[in-house]
2 protein chains.
Amino acid sequence: MDENLENPGRYLIAKLNAFMRTTSGSEDAINEMASRRVAYADRGQDIISEGDEPRTVNLLLDGWACRYKMMEDGRRQILAFFLPGDLADLHVYILNAMDHSIAAITPIRYARLAPKEFEEISDAHPKLLRALWWESLVTGSIQREWLVSVGQRDALESVAHLACELFLRLKTVGLVQGQLCDFPLTQLDIADALGMTQPHVSRTIAELNRTGYVILRRGQLEVKDLERLKKLAAFNPNYLHHLRDD
Amino acid sequence: MDENLENPGRYLIAKLNAFMRTTSGSEDAINEMASRRVAYADRGQDIISEGDEPRTVNLLLDGWACRYKMMEDGRRQILAFFLPGDLADLHVYILNAMDHSIAAITPIRYARLAPKEFEEISDAHPKLLRALWWESLVTGSIQREWLVSVGQRDALESVAHLACELFLRLKTVGLVQGQLCDFPLTQLDIADALGMTQPHVSRTIAELNRTGYVILRRGQLEVKDLERLKKLAAFNPNYLHHLRDD
DNA sequence: CGCTATATTGACTTTGCTCAACCCAGGTGG
DNA sequence: CCACCTGGGTTGAGCAAAGTCAATATAGCG
């Protein structure tokens, strides 16, 4: 976290590097953005709720969050997981009301950027603007791939795909050490993301762990054989739109 | 179609009116866009395929299309349906390769806009640009709602929700007459959109028709009781982000 | 140490899938 | 004009995947 405070935009910078070479000018701009209007939320807490008028672009600095929708009868669909460096709804201030909520999964630190600040910075750095555009298109692409998971993949494939995706996304922002990364999702989070029930997630994780390709447990994910995991998940990395595979 | 040829952007104009009052200036700009580089495709034909480098922004002028992904083993997930007036991937020319394909469901007419033309027009009409932004955000919102359908709704709710959505979207562009609209989807299309199998779609449509709220058949959809249909589908119109309900 | 969260497991049920036969309507060509 | 073909659509029987409900176990945490 120390390094993080000096270089608060580092995860976003790392991610954009998967798409372009950031210049030191844009890096400074990102760090500038990321050090203004910093806010905190505890696990479980909404940082913005369905129906609210969106006023800020949120940049996640530390921790995990999720986008979700709640149905009247209490069913919850998680629509996306946010990892450090992810931006929530770049242009959403065009719309009048949020159609979903965003909540912290772990305690988080995030920057709440006012549209005006955001525009100033992107006007001054057209290359950065382009990169941010790319990031929001990739977010859309991930959203579509999730529909493929929920619509077409069976339980084992789905869980494997999610593990694969999160591992690779964490890797691009530098949050993987060797084969290990943090994994704070509960089985209920996974269930609500993949359209399954929690007991079935439990059984499916057990089955996945039995393959030996990964060790997935609350708190930590270890990927022992990424290639086989990808194969099992029918994982095609194109949708992440990285310049190179990593 | 006659009126359409004089006023080729009419469906898009009608749609944007759900968000803002279009000025005659922007209407002319839209019609201008929509009359350049017009192309045709037959039913079943891809207009752009996964892996292709995207070169144009596509505006659907007539007919229905879909965005889809194919898995190696032949499973297909339909990600979105395009109706007249819909734009495909406004900013996709930022990315190097399509991560999905777009195919005609009926014979279609569409405009293939070069990025440069597109930028000229939007530079000249900032209000229009904002409206187009809105339309792409709504497209993203629809994408998310589909995940709720596939992840949380059961078969009957899902099919009802899809009927509801398509009916309302057609209504916004003026393609509903009374309670009737075209409905060219096959049961296999619906199945691949909702993550079901075709025989189960058949049974589910039969069950839905038995409620009397709709008459859904190949070619045509008749909505007899929209309110009850919405209720059955757990349909919350907020995600369409219209200024007023219609 | 005990409380609360989460995870595991078992027995049973249900939804939706599979496979396959059959039906039906529209379009084409003899 | 009719026979046939083809692309949907319907239906049935049996099955498998995943859901439900509930009891039990486990693990952090205060």
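These are my notebook entries on a predicted model with chains A and B.

**Entry 1. Relation of the two chains**

I began with how one chain maps onto the other. Chain A can be laid on chain B by a turn of 180° with a shift of 0.0 Å along the axis, and the RMSD is 0.0 Å. The two copies are thus related as by a two-fold rotation axis. I then checked whether the copies use the same surface, and 100% of the contact residues of chain A recur in chain B. Which residue of chain A comes closest to the rotation axis? I found L147(A), with its C-alpha at 2.8 Å from the axis.

**Entry 2. Helix 5 in both chains**

I turned to helix 5 of chain B, residues 126-152. At 1.5 Å a residue, its 27 residues should span 39 Å, and I noted that the end C-alpha atoms are 39 Å apart, which agrees. Is this helix mostly covered or mostly open? I recorded it as mostly covered, since 19 of the 27 residues of helix 5 of chain B are buried.

In chain A, I picked out L132(A), which lies in helix 5 (residues 126-152). L132(A) has a relative accessibility of 2%, and because buried means under 20%, I logged it as buried. Which residues does L132(A) touch, leaving aside neighbours within four places in sequence? I listed L12(A), L16(A), L87(A), L90(A) and F118(A). I also looked up the pair L132(A) and T22(A): they are 110 residues apart in sequence, and their C-alpha atoms are 11 Å apart in space.

**Entry 3. Helices 7 and 8 of chain A**

Two packed helices are described by the angle between their axes and the distance between the axes. For helix 7 (residues 187-194) and helix 8 (residues 198-211) of chain A, I noted an angle of about 105° and axes 8 Å apart. Angles of 65 to 115 degrees count as roughly perpendicular, so helix 7 of chain A is roughly perpendicular to helix 8 of chain A.

I then went through the residues that meet. Helix 7 of chain A contributes Q187(A), L188(A), I190(A) and A191(A). Helix 8 of chain A contributes Q198(A), V201(A), S202(A) and I205(A). I sorted the residues of this contact as five nonpolar, three polar and no charged.

**Entry 4. Q179(A)**

I found Q179(A) in the loop between helix 6 (155-172) and strand 9 (180-183) of chain A. With a relative accessible area of 35%, Q179(A) is partly exposed. Not counting residues up to four places away in sequence, Q179(A) touches F167(A), L221(A), E222(A), V223(A) and K224(A). I looked up one of these partners further: Q179(A) and V223(A) are 44 residues apart in sequence, while their C-alpha atoms are 5.2 Å apart in space.

**Entry 5. Positive phi after helix 9**

I noted two residues with positive phi that are not glycine, one in each chain. A234(A) has phi near 50°, and H241(B) has phi of about 55°. A234(A) lies in the segment after helix 9 (226-233) of chain A, and H241(B) is found in the segment after helix 9 (226-233) of chain B.

Are these two buried or partly exposed? I logged A234(A) as partly exposed at 31% relative accessibility, and H241(B) as buried at 10%.

Note on methods: Residues numbered from 1 in each chain as written. Chains lettered and ligands numbered in written order. Predicted model: local features only at pLDDT ≥ 70, side-chain atom pairs only at ≥ 80, totals over all residues. Heavy atoms only, no water. Axes fitted to C-alpha atoms, helices over the stretch in contact; angles between N-to-C directions. Helix = DSSP H or I, 4+ residues; strand = E, 2+ residues; numbered from the N terminus. Parallel < 35°, antiparallel > 145°, perpendicular 65-115°, else oblique. Contact = heavy atoms within 4.5 Å. Nonpolar A, V, L, I, M, F, W, Y, C, P; charged D, E, K, R; others polar. Buried < 20%, exposed > 50% of the residue type's maximum accessible area, 1.4 Å probe, protein only. Expected span 1.5 Å × (residues − 1). Least-squares fit on C-alpha atoms with pLDDT ≥ 70 in both.
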